[in-house]
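Hello,

Here is the structure we talked about handing over. Please open it first, then read the notes below.

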Amino acid sequence: QVQLVESGGGLVQAGGSLRLSCAASGRTSSIYRMAWFRTAPGKEREFVASIARDTGGTLHADSVKGRFTISRDNAKNTVYLQMNSLKPEDTAVYFCATRERAETEYTYWGQGSQVTVSS
């Protein structure tokens, strides 16, 4: 199993920045991709960004391209989400998740970190 612990959420004004961190432990050698998702009040869960553990190849949702950047530090088994130019519509609970190579779904999830952007 993989355990994930997120940190770095909080309250920020529109236009500000935050960096989320997600530290993985347990069977980290099985991780193929790590990702961030978010759930806003009254909305379904939304993909934000993902990164391949080996190659560092990234994907970002159109809604965050140019503002958010996902990165990883394999030595620390940690993935980051740098969020710049935050907007009120970015307000959500942000979840970290991991996927193994043989899987099509993200299997392990963190507890979530609240990000609130005030206007």
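**Charges and salt bridges**

The protein carries 14 positive and 11 negative charges, and their mean positions lie 5 Å apart. Keep in mind that this is a predicted model.

The whole structure holds 6 salt bridges. One of them joins the side chains of Asp-90 and Arg-38, at 3.0 Å from N to O. This pair links distant parts of the chain, with the two positions 52 residues apart in sequence numbering. Asp-90 sits in the loop between strand 8 (78-83) and strand 9 (92-100), while Arg-38 belongs to strand 4 (residues 31-39). Both Asp-90 and Arg-38 are buried.

Asp-90 has another partner. Arg-67 forms a salt bridge with Asp-90, and the closest N and O atoms are 2.7 Å apart. Arg-67 lies in the loop between strand 6 and strand 7 (68-73) and Asp-90 in the loop between strand 8 and strand 9, so the bridge ties together parts 23 residues apart in sequence. Arg-67 is buried, as is Asp-90. Salt bridges link Arg-38, Glu-46, Arg-67 and Asp-90 into a network.

Lys-65 and Asp-62 also meet through their side chains, in a salt bridge of 3.2 Å from N to O. Asp-62 counts as exposed because its relative accessibility is 64%, and the cut-off is over 50%.

**A buried arginine without a bridge**

Which side chain of opposite charge is nearest to Arg-53? It is Asp-54, 4.8 Å away. Arg-53 is buried yet has no salt bridge, since a bridge needs N and O within 4 Å. Arg-53 lies in the loop between strand 5 (46-52) and strand 6 (58-60). Its contacts beyond four places in sequence include Arg-33, Arg-72, Asn-74 and Asn-77.

**The start of the chain**

Val-2 is in strand 1 (residues 2-7). Val-2 counts as buried because its relative accessible area is 7%, and the limit is under 20%. Leaving out residues up to four places away, Val-2 touches Ala-24, Ser-25, Arg-27, Ser-30, Ile-31, Thr-98 and Tyr-108. The C-alpha atoms of Val-2 and Ala-97 are 9.6 Å apart, although 95 residues separate them along the chain.

**The whole fold**

The protein has 0 helices and 11 strands. Its radius of gyration is 13 Å, which agrees with the value near 14 Å for a compact globule of 119 residues. The C-alpha atoms fill a box of roughly 40 × 25 × 25 Å along the principal axes. Buried residues make up 46% of the 119. The accessible surface is about 6200 Å², with 47% from carbon and sulfur atoms.

Best wishes

Terms used: Residues numbered from 1 in each chain as written. Predicted model: local features only at pLDDT ≥ 70, side-chain atom pairs only at ≥ 80, totals over all residues. Heavy atoms only, no water. Helix = DSSP H or I, 4+ residues; strand = E, 2+ residues; numbered from the N terminus. Rg over C-alpha atoms; globule rule 2.2 N^0.38 Å. Buried < 20%, exposed > 50% of the residue type's maximum accessible area, 1.4 Å probe, protein only. Areas by Shrake-Rupley, 256 points an atom, 1.4 Å probe, with all protein chains shown as cover. Lys, Arg positive; Asp, Glu negative; His and termini not counted. Charge placed at Lys NZ, Arg CZ, Asp CG, Glu CD. Contact = heavy atoms within 4.5 Å.
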